[in-house]
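Visitor: I would like a close look at one part of this model. Please choose a single helix and go through it together with its surroundings.

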Amino acid sequence: MTVTRPVHAVGSSRRRLRSAAAVLVGFIAVAVLSLVTDQLLHVLDVYPPWGEPMWGTRLNLLALSYRIVYTILGGYITANLAPYAPMRHVVVLAVVGFIAGAAGAIAAISMADLGPDWYPIALALSGPPSVWAGGLLWSARHR
């Protein structure tokens with residue numbers, strides 16, 4: 001006996017998968033771009049070696065600035081890939097990113113001495129508005 005699902009159930013599950021993929025791809029883009037840039041700056045001796053504290057305010061501001069740009073791009077990518085309601089997907093990415101950033105900030109402040117406490121806090125707090133800005137950029141270009 002063959003079980004067939006109604007057409008709307010197949011479409012619905014495909015849409016949910018595309019929705020999850022849109023958020024995941026946006027998140028992964030931000031993470032990969034950030035890590036690749038970090039590695040490049042370590043190799044070029046702009047940053048201290050991995051695992052050593054980075055206390056310089058300018059270096060932390062540099063890291064924060066390109067992460068903000070990449071996070072805006074992540075919001076744009078998510079909105080672009082969303083199968084429907086792009087800004088709703090952007091909000092989901094912002095929430096997921098904020099949770100990850102807050103967990104990272106707590107870990108960095110309480111367990112590791114890798115630099116000033118303001119940096120991971122600023123990273124977590126700048127994520128949601130940056131993702132939102134990326135979604136707004138996408139919306140403005142696709143009206």
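Guide: What follows is an account of helix α4 and the parts around it. The model is predicted, and every value below is computed from it.

Helix α4 covers residues 118-141. With 24 residues at 1.5 Å each, α4 should span 34 Å, and its end C-alpha atoms are indeed 34 Å apart. Within α4 there is nevertheless a kink of about 35° at glycine 127, shortly before proline 128.

One set of α4 residues is buried: Tyr119, Pro120, Ala124, Ser126, Gly127, Ser130, Val131, Gly134, Gly135, Trp138 and Ser139. Glycine 127 thus appears both as the site of the kink and among the buried residues. The cover over the buried residues of α4 includes α2 (57-81) and α3.

Other α4 residues face outward. Isoleucine 121 lies in this helix and counts as partly exposed because its relative accessible area is 39%, between the limits of 20% and 50%. Isoleucine 121 belongs to a nonpolar surface patch of about 780 Å², made with Val91, Val95, Phe98, Ile99, Ile109, Leu125, Trp132 and Leu136. The elements that give two or more residues to this patch are α3 (86-111) and α4. The largest share, five residues, comes from α3. As for spacing, an α-helix has 3.6 residues a turn, so residues three or four places apart point the same way.

Helix α3 therefore has two roles in this description: part of the cover over α4 and a contributor to the patch. Helix α3 has 26 residues and reaches 37 Å from its first C-alpha to its last, close to the 38 Å expected. Its own buried residues are Met87, His89, Val90, Leu93, Ala94 and Ala105.

The loop between α3 and α4 contains proline 116, which counts as buried because its relative accessibility is 12%, under the 20% limit. Leaving aside neighbours within four places in sequence, proline 116 is in contact with Met54, Trp55 and Asn60. Proline 116 and threonine 57 are 59 residues apart in sequence, yet their C-alpha atoms are 8.3 Å apart in space.

Helix α2, also part of the cover over α4, holds arginine 67, which pairs with aspartate 38 in helix α1 (residues 7-43), 29 residues away in sequence. The two form a salt bridge whose closest N and O atoms are 2.4 Å apart. The structure holds one salt bridge, and both of its residues, arginine 67 and aspartate 38, are buried.

Technical notes
Residues are numbered from 1 along each chain as its sequence is written. This is a predicted model: local features need pLDDT of at least 70, side-chain atom pairs count only at pLDDT 80 or more; totals for chains, interfaces and linings use all residues. Side-chain values use heavy atoms; hydrogens and water are left out. Patches are made of residues with over 30% relative accessible area and no salt bridge: like charges are joined within 9 Å, nonpolar side chains (Val, Leu, Ile, Met, Phe, Trp, Tyr) within 5 Å. Accessible areas come from the Shrake-Rupley method with a 1.4 Å probe; for residues, only the protein chains shown count as cover. A salt bridge is a side-chain nitrogen of Lys or Arg within 4 Å of a carboxyl oxygen of Asp or Glu. Helices (H or I, at least four residues) and strands (E, at least two) are DSSP runs, numbered from the N terminus. Buried means under 20% relative accessible area, exposed over 50%, partly exposed in between (1.4 Å probe, protein chains only). The expected span of a helix is 1.5 Å times one less than its number of residues. The bend at a residue is the angle between axes fitted to the seven residues ending there and the seven starting there. Contact means heavy atoms within 4.5 Å.
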